[in-house]
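Visitor: Please take one part of this protein and go through it slowly, then show me how it connects to the rest. I am in my first year, so plain terms would help.

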Amino acid sequence: MKRKIVNDPVHGLINLPDGTPFELMEHPYMQRLRRIKQTGLLHLVYPGSVHSRFHHALGVAHLMNKAIETLRMKGHRITPEEAEAASIVALLHDIGHGPFSHSLEYTIVNTHHEKISACFFDDLNQQYDNHLEMAKAIFNNQYPKKFLYQLISGQIDVDRMDYLKRDSFFTGVSEGIIAADRIINMFEIQDDKLVVEEKGLYSVENFLIARRLMYWQVYLHKTVIVADFLLTNILRRAKELCATRTEIAAPPPLLFFLKNHCSEHDFHTNPSILQHFSELDDFDVFAAIKQWRHHPDNILSYLSDCLVNRRLFAIEMSNTPFPDEKYDQLCLKIKRQFNISDAELHYFIIHDTITNNMYDITSDNILILKKDNILIDIADATDQMSIKKIAVPVVKYAMSYPKSFR
């Protein structure tokens, strides 16, 4: 079988089999991911962070293939069909992401991206004459060998390993550097569970700490939170105007979702909705926002101009709740200056909590396989207090508003 070689800046040369995985890579559904940034609006803080979800998908498929190869070398039976299915799942795991990632979810599309991914799997399975049936089962955690699902969706999976390395590379934030190859080489299977050999303990500790640092320094950076807040409210305002039959210009794929309420059920029952979604990308959204700077609606035009020209709101973050008096005073000042109603206040001020839970001990635990074949949770295996603290969710309070009120 021929192999296609892709030069990746993070992993080096990536080999892809010349079969279904490569055909899927060339499918229009996958090519759409080239037009969707992996990290949304993060480039407003870290200018180099303009890599796409297509890059990430290739990286995850590469790490999945390495994990399969490692487990086979350790004597675990994984058939060629299972290996191909796992590679397909890795390639398609983010296929349901929309423009600017999570800002779109429950804003103009009333469902989670994983639900949309499942719809894409169904559609592609039909196009490929049910050849993706096994991949579908793995993706939905319905395949008998559960460790295959854990490889793509666990607390130490190839998805997280790639985005930490990739996002660290493109942002220049060195705290996200992890030993992905070392962790994969320490993978083992015990009782159909994906576990890590004791020799890999320190690498897993570094992985968890790196993930925590990347979330606070990158993904939950206060300026990124503000930018996402603006984008979400711009789309909500546009959708609200469409509901009142106010004329609004936008590329057809975006306009469809602004004018229609689309739930998970609608995606399953109306194939045309998935086709509209498959045309939607970052370019549609940002082209519309550039136009909306000149829209007669003052709220839409103001928010759009703030985002396009990076006049982002101020934000305060605290470990304790903000006094109600402060929030009430800000609301009063904002209403007066912008001449808006109580119902429109949420477009100009955010008063919310941010939760960062890096390791959930009640979920799919990271298990360390000791030399005597006993399994132990990473939180119990480590002597690092920082790891034990990571198992406790951290909650911070955020308040954001136009800078003129700071």
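Guide: Helices are DSSP runs of H or I with at least four residues, strands are runs of E with at least two, and the numbering starts from the N terminus. The model is a predicted one. By that definition the protein has 19 helices and nine strands. Its radius of gyration is 23 Å, close to the 22 Å that the globule rule gives for 406 residues, so the protein is as compact as a globular protein of that length. The C-alpha trace spans about 70 × 50 × 35 Å along its principal axes. Of the 406 residues, 55% are buried.

The part to look at closely is helix α3, which covers residues 53-73. A simple check on α3 is its length. With 1.5 Å for each residue, the 21 residues of α3 should span 30 Å, and because the C-alpha atoms at its ends are 30 Å apart, the model agrees with the expected value. Most of α3 is covered, with 15 of its 21 residues buried.

Now the two ends of α3. At the start, a side-chain oxygen of Ser52 comes to within 3.2 Å of the backbone nitrogen of Phe54. Following α3 is Gly75, which has a positive phi, near 95 degrees. A positive phi also turns up just after helix α16, where Arg310 has a value of about 50 degrees.

Next, what ties α3 and its surroundings to other parts. Within α3, Arg53 forms a salt bridge with Asp94, with 3.0 Å from N to O. Arg53 belongs to α3 and Asp94 to the loop between α4 (80-92) and α5 (113-127), so this salt bridge ties together parts 41 residues apart in sequence. Are these two residues buried or exposed? The cut-off for buried is under 20% relative accessible area. Asp94 has 7%, so it is buried. Arg53, at 4%, is buried as well.

Just past α3 there is a second link. Lys74 and Glu197 meet through their side chains in a salt bridge of 2.9 Å, N to O. Since Lys74 sits in the loop between α3 and α4 while Glu197 sits in strand β4 (residues 193-197), the pair connects parts that are 123 residues apart in sequence. Lys74 has a relative accessible area of 28%, so it is partly exposed. Glu197 is at 16%, which means that it counts as buried.

A third link involves His11, in the loop between β1 (3-8) and β2 (12-17). Apart from residues within four places in sequence, the contacts of His11 are Gly59, His62, Leu63, Asp162, Lys165 and Arg166. The side chains of His11 and Asp162 are also joined by a polar contact of 2.7 Å. With a relative accessibility of 17%, His11 counts as buried.

The salt bridges above belong to a total of 16 in the model. For comparison, here is one inside a single helix. An α-helix has 3.6 residues a turn, so residues three or four places apart point the same way. Arg237 and Glu240 are both in helix α11, three residues apart, about one turn of the helix. Their side chains meet in a salt bridge of 2.7 Å, N to O. Arg237 is buried at 5% relative accessibility, whereas Glu240 is partly exposed at 36%. Through shared partners, salt bridges join Arg237, Glu240, Asp297 and Glu344 into one network.

Helix α11 also has a place in the interior. The largest nonpolar core has 140 residues, and the ones touching the most other members are Leu151, Met161, Phe187, Phe257, Phe267 and Trp292. Helix α11 (residues 222-243) gives this core its largest share, 12 residues. Phe267 has contacts away from its sequence neighbours that include Val109, Ile116, Phe257 and Phe277. Helix α11 is also among the elements that cover the buried residues of α16, as is α15 (282-292). Those buried residues of α16 include Ile299, Leu300, Leu303 and Leu307.

Links between distant parts of the sequence are common overall. Among contacts with a separation of 6 or more, 71% are between residues 24 or more positions apart.

How values were computed. Residues numbered from 1 in each chain as written. Predicted model: local features only at pLDDT ≥ 70, side-chain atom pairs only at ≥ 80, totals over all residues. Heavy atoms only, no water. Core = buried A, V, L, I, M, F, W, Y, C linked by side-chain atoms within 4.5 Å. Buried < 20%, exposed > 50% of the residue type's maximum accessible area, 1.4 Å probe, protein only. Contact = heavy atoms within 4.5 Å. Expected span 1.5 Å × (residues − 1). Polar contact = N/O pair within 3.5 Å; in protein donor to acceptor, adjacent residues only side chain to side chain. Salt bridge = Lys/Arg side-chain N within 4 Å of Asp/Glu carboxyl O. Rg over C-alpha atoms; globule rule 2.2 N^0.38 Å.
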